[in-house]
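Me: I'm new to this one, so could you walk me through a few spots? Short questions, short answers, please.

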Amino acid sequence: MVEVIKQGAYYLDGQIVPASEAQGQPSPDQAREKTIAYSILRSHDRGGDAKKLRIRFDALISHDITFVGIIQTARASGLTEFPVPYAMTNCHNSLCAVGGTINEDDHAFGLSAAKRYGGIYVPANQAVIHQYARERLAGCGKMILGSDSHTRYGAYGCMGVGEGGGELVKQLLENTYDVAAPEVVLVWLEGRPPRGVGPQDVAIALVAATFPHGDVKNRVLEFAGPGVGALSCDYRIGIDVMTTETSCLTSIWETDETIRKYYETVGRPEDFRELKLQNGAYYDSVVKIDLSRMECMIALPFHPSIAYTIHELQSEPERIFAEVEEACNRQLGGKVKMDLRRNIVDGRVTCEQGVIVGCSGGMYENIVEASKILDGQSIGNGYFDMSVYPSSTPISLAITRSGVAAKLMEAGCVMKPAFCGPCFGAGDTPANNALSIRHATRNFANREGSKPGSGQIAAVALMDARSIAATARNGGVLTAATDIDYESPTAEELAYRYDGGVYTRRCYEGFGRADPSVELRYGPNIRDWPHMPRLEEDLLVQLCAVIHDPVTTTDELIPSGETSSYRSNPIGLSEFALSRRVPEYVGRSKAVRALEEARQAGEVPAGAAEILSRVGGDVKRTTIGSCVFANRPGDGSAREQAASCQKVLGGFANICQEYATRRYRSNCINWGIVPFTLPEGTDFPCEDGDWIYIPGVKKAIAAGVEDFPARVIRKDGSVHELALRCAGLTADERLILQEGCLMNYYAAGYGKD
């Protein structure tokens, strides 16, 4: 179904020619400029170095977990007016069910900020973040930066990048997004998907083929080929939005009449232009997808890449579930036991919940197909239940007016408003050890709302809306949509009749109309960022969490779900840092932070002074902080709080084998956390409670040094050498780390033209 070709190739006369066979062609660096990706990147580059891009985006977008912190940071750094359209949607904390008034207080703050600074405000339940961007902001050749990892609009000819809030702050202050010129991967589509196979099936197969070995990490995926024309607009974006799970930087697709018609449908025909492959374009690798061979897929806990065909799982559920259980329970660290095999009844896999939701599942065509499968059927009156969340009010209006919603309700489904909750653990939490099948973006541990630290766990498997509907029709028994007879929707039934009037009537679209007389509306939970100390000449950090899991997700670094309600309160939120993975971390970090606070007050903290005496350090010139080690941290969400909570607790360094995503590493930098790595092939010899001393760190960072000799002071008093690396910092990043965080950087007068 998916073939990964790990060698460069040229696109020549409609063919993909391996670089080794392409004689007389320009160099890869020259020919890469002919890609669609580079035509867009170069048009947004404000720098003069071909190898290092300095990007200014056309628009920005955030949701209500992130926009308060972004605006507070930008305000503290000198913000006066939004320089580009900045949309703030309320699709994550819109449930308003935890913490009293604090969620709605955030929403009121967002509207007041839109009025004061000239922004766009999308009220709760009007649209999920990415559907609003698709319908109102995307355009061919444009670039959008979002503080959500699934910022992907490539199918519309628009490059979307998901990053932490610090990168949006830079754009609001008219600075740039700095990134090494990326490699480009050609994703070549051929054939036509069989009936019953949906975009999530293709996406899961793509993630499974590319994520495990990092084949496309930090690269741009460029989709093209004869198979593109066989896919509707919704189908394309359903694949595209999941490219985040491959760990690529961003994505772009060639555009055609299908995309032209989309822009006409949403009332913005001027935002279309044709994007096509150029003869002679060079690609650093190729992924071939034969759509005609695609099957219905299922991704088992705890990652979208743990993929099987539904037929495989149906044939060997005991073996597959046993293998997945073992890996899951190892990741859960003994706190709770995952029992997938309880869901095998009479040899068949049974599910207890189905959810179609969000930026991947809640698209118009997915819901129409699900309604055709369930037309005249029933999901039954057993344990299985099913919820459907259209991704915008215009989609809700369309399925209501067409009768699609009525068919789903008649079958027993519950129709709900636009909301991202089930994607990150704030809605439709299943029963303990239940198996929930979801057309959503992720199935990481506890993202469905369970709390492993309290003995609760549930399993989320990702599937396409079509197979979820087929399973619902079969009373919860796992069923591939290709295995049932149903009447496919006609072209007329699939035509999305978009009505954007609700946006005009309900959303505040104030770009270009900033009113500085408007006062920001605060609630008791909305707090300013605490003081962040600068980096001194030397650095002493204590390891407050050492995690040897293969990958540590942002959901483990700062849990999603109900804790998101506290994300406007930096100090309050920090209490949840690593709470579901290393509960001791917060207490340990606070103890280290107290030492630095004492040092800042002019005292000589006895514990730190005694440690430093063993390595000849001077407490007066040494920053004292906490540190986290993880093999590969940062997979998942773009939310900056995974780093800012560490900083609030006194964090000054992270150490790892490699960072799972660029965005988590950039979050660490923007919050003044030095992103160390180990030399390749080196094991980490330290434990919780050990201290690491890095002399001359500030001067070395300033000089662009990449290798840092450090010394480990173990709990038994022994001292050992340790080699650390911090490679590839830009000049601005070096300054941010020296100043202690992005806010300090701006306060010191940097970053302003």
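**Helix, side chain, sheet**

Reply: Sure, and keep in mind that this is a predicted model. To start, helix α23 spans residues 606-613, and its buried residues include Ala608, Ile611 and Leu612.

Me: Why do Ala608, Ile611 and Leu612 sit on the same side of α23?
Reply: In an α-helix there are 3.6 residues a turn, so residues three or four places apart point the same way. On the other side of α23 you'll find Ala606 and Ser613, both exposed. The buried three are on the same side because the arc they cover around the axis is only 95°.

Me: Which elements cover the buried residues of α23?
Reply: We're looking for what packs over Ala608, Ile611 and Leu612, the buried ones. The cover includes α22 (585-600) along with strands β26 (538-547), β28 (622-630), β32 (691-694) and β33 (707-713).

Me: Is Gln353 buried or exposed?
Reply: Gln353 belongs to strand β20 (residues 353-356). Its contacts include Phe384, Asp428 and Leu435, and its side chain has a polar contact of 2.5 Å with that of Ser436. Buried means under 20% relative accessible area. Gln353 has 4% relative accessibility, so it counts as buried.

Me: In β6, which residue is the bridge partner of Ile61?
Reply: Strands β5 and β6 both belong to an open sheet of six strands, ordered β9-β8-β5-β6-β7-β25. β5 (residues 59-63) and β6 (residues 86-89) are paired in the parallel sense, over four bridges. Within β6, the partner of Ile61 is Ala87.

How values were computed:
Residues numbered from 1 in each chain as written. Predicted model: local features only at pLDDT ≥ 70, side-chain atom pairs only at ≥ 80, totals over all residues. Heavy atoms only, no water. Buried < 20%, exposed > 50% of the residue type's maximum accessible area, 1.4 Å probe, protein only. Helix = DSSP H or I, 4+ residues; strand = E, 2+ residues; numbered from the N terminus. Arc of directions from axis to C-beta. Contact = heavy atoms within 4.5 Å. Polar contact = N/O pair within 3.5 Å; in protein donor to acceptor, adjacent residues only side chain to side chain. Pairing = 2+ DSSP bridges.
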